[in-house]
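Colleague: I'm new to this, so could you walk me through some of the labels people put on a model?
Modeller: Sure, let's have a look at it together.

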Amino acid sequence: MSSEITPKAKPVKSTGLHVGDPAPGVKKVDPILIADGVKRTFGGLTAVDVEHVEIPRNAITALIGPNGAGKTTFFNLLTGFDKPDTGDWSFEGRSLAHIPAYRVARMGLIRTFQLTKSLGLLSVMENMKLGAKDQTGENIFRGLIPSLWRKQDREIEDKALDLLKRFKLDAKKDDYAASLSGGQRKLLEMARALMSDPTLVMLDEPMAGVNPALTQSLLDHILDLKAQGMTVLFVEHDMHMVRHIADWVIVMAEGRVVAEGDPHEVMQDQAVIDAYLGAHHDTDLGSTDTGHVEAIKELIDDEQ
Amino acid sequence: MEPTRTVPTRSRGRWLILLGILISALTLSGIAASPAVADEGGTDDPAAEEEYEYFFTGNVQFEGEALEGVLITVEGNGFDAETETDADGRWTIGVPEKAEYEVTLDQDTLPEGVVVLEGQDTVTAEFGLTKRKAVNFFLGEGQRVTVNYFDQVVQRVVSGLNFGLLLALAAIGLSLIFGTTGLSNFAHAELITFGALMVLTFGVNLAWPLWLAIIVALVLSAALGWTLDAALWKPLRRRGVGLIQLMIVSIGLSLALRYTYQFFYGGSTSQLPGATLPSDIRFGAVALSWVDLVSMGVSIVVLLAVAFFLLRTRIGKATRAVSDNAPLASASGIDVDRVIRIVWVLGALLAGLAGILWAYFRPGVSWDMGFQILLLVFAAVTLGGLGTAFGALVGSLIVGLFVEVSTLWLPSDMKYVGALVILIVVLLFRPQGILGRRERIG
Amino acid sequence: MDWGAIFGNAAVELISPTTAAYALAALGLAIHFGFTGLLNFGQAGFMLLGAYGYAIPALKLGWPWWACLLTSLLASVIFALILGIPTLRLRADYLAIVTIAAAEVLRLTFTTNEFAPVTGSANGLSEYQRDLLTLNPLPDGRYGFGPWVFSDRAWFFLILGWIVVILAALLTWLLMRSPWGRVIKGIREDEDAVRALGKNVYSYKMQSLILGGLFGTVAGIIFVMPRAVVPSYFQPTLTFFIYAILLLGGAATILGPILGSIVFWVLLSFFSGFIARAVEAGWLPFMTQVQAGQLRFILVGVAIMLIVVFMPQGILGNKKELAFVK
């Protein structure tokens with residue numbers, strides 16, 4: 001994992017991931033994550049209603065769609081941060097329904113967040129160390145006796161330092177995470193996720209708010225993950241980036257999967273064009289709780 | 001078991017207060033006359049004196065007439081004894097130790113038409129510097145009515161509704177403030193107290209007419225809400241102080257205000273005009289006073305007005321919009337700061353009104369009266385679902401009813417316990433509250 | 001004006017067992033609030049369980065001191081579980097409301113006449129120290145110098161109290177520099193992020209609630225050792241005072257709560273003494289002795305507000321943090 005892999009100028013695309021014609025819910029040769037009938041409603045609003053979807057192993061899959069398509073909610077459902085009304089989904093053949101978020105993470109499915117969640121008043125190094133799995137000293141009683149965890153902690157620190165170097169954050173290791181720029185926090189969050197050697201990395205809008213100077217390095221890091229044998233699923237708005245690095249694209253609109261396929265083909269799909277043209281492109285203000293706007297609607301009705 | 005309740009008639013002039021004081025006076029004069037027996041007290045009852053060193057005495061009379069054969073029991077400290085009054089109405093019971101005992105007068109042994117003042121048939125007595133302690137029972141004319149269980153429930157339910165409605169006034173304000181600003185305002189208790197204190201100041205201390213005092217109190221309450229937001233909360237929001245920090249500021253404010261009230265008004269309880277009217281309006285089993293009726297009426301009218309405000313007026317809808325989603329409301333052109341200012345004025349006004357009604361319900365005005373019900377208000381808001389105004393109403397009624405009805409099984413000094421336990425239990429099963437939205441909980 | 005007495009009384013507070021008890025309770029709250037971000041407003045309830053959990057078995061069952069101590073610790077753990085199970089999955093303010101409510105339930109239950117034979121109701125309990133005092137190695141008499149002249153019994157409770165405070169501070173220090181402490185602090189910053197890294201956040205919050213609660217419980221025992229226990233000590237105001245101490249010293253520090261408690265009590269004693277004497281001397285003709293006593297509560301309230309707004313990191317808090325604290 002610590003072996004350095006030089007970023008490629010032109011990413012190598014994985015092909016032959018699916019079985020049969022690419023269509024919503026198409027079977028994959030080697031799926032790592034399978035979701036079936038996952039449905040989530042807020043009040044009367046259906047946020048997610050995915051009949052069947054498979055995520056191919058050791059490939060980079062992009063999840064795209066207009067705002068309010070339910071991408072982040074779907075992410076939350078898959079990782080145990082939200083509970084669906086109905087549905088079942090499995091990761092490496094093990095059902096994830098009713099599994100709490102922390103167990104999902106321990107199984108090797110690590111996610112990042114749309115709004116970065118760096119732990120502001122912890123140093124960059126502490127942030128990284130927190131990402132490591134199975135730490136002896138994280139037990140309250142063993143934590144009291146430094147000799148029990150000191151050695152492991154040093155190993156974790158070395159590993160963290162390696163990763164920080166790769167992400168060019170090593171100079172900042174003793175600074176508060178709160179002092180980093182938005183892009184650096186995205187990098188830190190990704191690096192922290194890698195501390196646990198995950199098999200599937202789920203990135204929620206990794207490019208949002210990132211300084212253009214950093215985008216290329218972030219892209220390289222994502223390609224790196226695949227080269228190291230990990231699977232990546234990411235949500236993104238930037239079509240250019242999707243076309244550039246994704247091996248497979250899943251398109252969501254109004255909670256459903258409307259198209260799937262190779263990035264270039266999907267972009268020409270009529271359903272995708274409709275989905276994008278039919279939706280507003282303004283940023284959503286209320287993150288996920290779009291259901292709570294009744295009073296505003298009433299006010300607007302009054303005006304008319 | 002059929003609980004019984006005594007309902008004495010409230011003609012105060014007829015209380016006959018009886019009287020160890022008198023006996024003590026006699027005994028003291030006895031000391032002067034015959035020093036030989038002085039230190040052992042009286043000599044009326046040599047038996048008790050021989051057996052024990054300490055004893056309780058009393059004299060049971062009603063309207064100047066001695067009552068014979070009234071059963072008196074003493075219990076406590078692992079000791080119990082009983083005696084009956086003699087032909088002169090006197091009784092004496094010796095006890096082994098200088099300690100605290102409960103002395104009970106058995107009401108069933110009183111003649112027809114005579115009762116002990118409600119809740120005072122048992123007196124906790126302790127010896128002072130002497131070995132003899134006089135114990136008094138306050139007798140009155142009245143009927144011991146065995147109220148049947150159903151009637152008691154009805155009476156408690158009505159009382160609970162009254163209490164719940166006044167809680168709702170305070171709770172809706174708290175809930176609106178929470179909804180629009182995210183602040184759990186611990187100083188809401190002091191807004192409640194403020195209303196009652198202002199009526200006390202103008203209506204009693206300055207002796208203005210009550211209606212005028214109440215109007216002035218409400219206006220001042222609203223002004224206090226305006227001032228607090230303008231001078232404290234808005235600047236703090238501007239500084240970007242976090243919600244938890246704001247909550248702690250409200251705790252500091254609550255302490256400072258509460259003890260400022262005590263500083264100026266002292267620690268005693270005062271009554272507002274009309275607070276002690278008799279409960280002489282009867283509807284079947286339910287006895288109410290005029291104040292109770294007016295209180296409930298005012299609560300209902302005001303709550304309906306608030307509902308109208310929130311549902312039908314522009315500014316009310318804007319308030320709900322800010323509660324639902326402040327950034328979106330702001331983006332839709334709503335002046336969030338103005339809405340919050342209105343919510344503070346409204347919240348303080350409602351709290352002040354709740355305080356006035358609470359002063360009549362308790363009854364009494366005191367410096368910490370708001371703090372006494374603050375947790376019940378919080379419980380009501382949480383039960384209904386944090387931040388939903390109508391949830392606060394439902395939660396208040398549940399808390400009010402529960403507090404009052406639970407006195408049928410719980411001792412009255414435990415009545416708030418039941419409501420707070422309910423809060424914890426409800427959160428176990430329905431964490432978002434009764435009317436809360438599930439998805440708000442992360 | 002008798003400045004000697006005013007300073008003397010203030011100096012006594014510097015090391016009094018009450019100061020130690022408040023320091024320990026504040027340290028428990030530092031674990032809850034400062035390190036984990038849990039809003040426990042029921043610290044008074046944990047202290048009450050300590051006081052009564054010790055006094056009742058000692059008086060009614062004649063148990064030895066260690067059995068009484070274990071009883072109160074057990075009661076405290078059960079209390080923490082009851083509070084935590086429903087609320088630790090919810091937003092932070094639910095814990096605040098439930099803890100303050102539960103602490104009041106306890107206080108009212110110990111105040112009611114219903115259980116007077118066991119709890120002594122409003123009059124409380126006394127004379128439960130006997131068994132612990134058999135351990136007192138100090139010979140009878142009064143010792144000390146300057147303003148610090150106490151009986152052997154007072155010294156014993158004082159020394160015992162501060163030893164416990166030091167041990168608790170050491171324990172907290174060890175924990176907070178361990179990986180356990182790292183997870184705890186991570187939860188304070190953003191519990192979802194920590195959850196996404198595979199940590200059982202619920203369990204960690206529960207451990208923190210129990211540990212800080214145990215500190216509060218032991219603080220309750222220390223608090224009532226030199227006196228009798230009555231339920232009215234454990235009003236919500238007690239919790240608010242402990243918050244004031246914690247914020248004054250620095251919420252996410254280990255020595256902060258201890259220093260906070262010392263500064264708080266010394267200043268409070270000095271201020272009360274000064275005002276009382278000033279009223280006595282007729283310097284403040286508009287104020288009575290009783291009012292002078294209330295002035296200190298007003299002062300504490302104002303101090304809490306000012307500290308939160310103008311000195312949110314407290315005396316010992318890291319100034320560097322301030323730039324990032326919202």
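Colleague: What kind of crossing does α5(B) make as it passes α6(B)?
Modeller: A right-handed one. Keep in mind that this is a predicted model. The two helices are α5, residues 188–205 of chain B, and α6, residues 210–239 of chain B, and their axes cross at roughly 140° and come within 8 Å.

Colleague: Which residues of α5(B) and α6(B) make the contact?
Modeller: From α5(B), they include Leu191(B), Phe194(B) and Phe202(B). From α6(B), Leu210(B), Ile214(B) and Leu224(B) are among them.

Colleague: How many nonpolar, polar and charged residues does that contact have?
Modeller: There are 13 nonpolar and 4 polar residues, and no charged ones. Glycine goes with the polar class, so Gly195(B), Gly203(B) and Gly225(B), which take part in the contact, are counted there.

Colleague: Now chain A. Why is His221(A) called partly exposed?
Modeller: Count its C-beta neighbours inside 10 Å: there are 19. Buried needs 20 or more, and exposed means 12 or fewer. His221(A) falls between those cut-offs, so it counts as partly exposed.

Colleague: Where does His221(A) sit, and what is it in contact with?
Modeller: His221(A) lies in helix α7 of chain A, residues 212–227. Setting aside neighbours within four places in sequence, His221(A) is in contact with Phe167(A) and Met190(A). As for Glu51(A), the C-alpha to C-alpha distance from His221(A) is 32 Å, with their positions 170 residues apart in sequence.

Colleague: And chain C, how many helices and strands are there?
Modeller: Chain C has 15 helices and 2 strands.

Colleague: What makes chain C as compact as a globular protein of that length?
Modeller: Set its radius of gyration, 20 Å, against the globule rule, which gives 20 Å for 326 residues. The two are close, so chain C is as compact as a globular protein of that length. Buried residues make up 56% of chain C. Its C-alpha trace spans about 60 × 50 × 40 Å along the principal axes.

Colleague: Which helix gives the most to the side of chain C that touches chain B?
Modeller: First the totals: 40 residues of chain C are in contact with 36 residues of chain B. On the chain C side, α5(C) gives the most, with 14 residues. By class, that side divides into 26 nonpolar, 9 polar and 5 charged residues.

Key. Residues numbered from 1 in each chain as written. Chains lettered and ligands numbered in written order. Predicted model: local features only at pLDDT ≥ 70, side-chain atom pairs only at ≥ 80, totals over all residues. Helix = DSSP H or I, 4+ residues; strand = E, 2+ residues; numbered from the N terminus. Rg over C-alpha atoms; globule rule 2.2 N^0.38 Å. Contact = placed C-beta atoms within 7 Å. Axes fitted to C-alpha atoms, helices over the stretch in contact; angles between N-to-C directions. Left-handed = near helix turned anticlockwise from the far one by under 90°.
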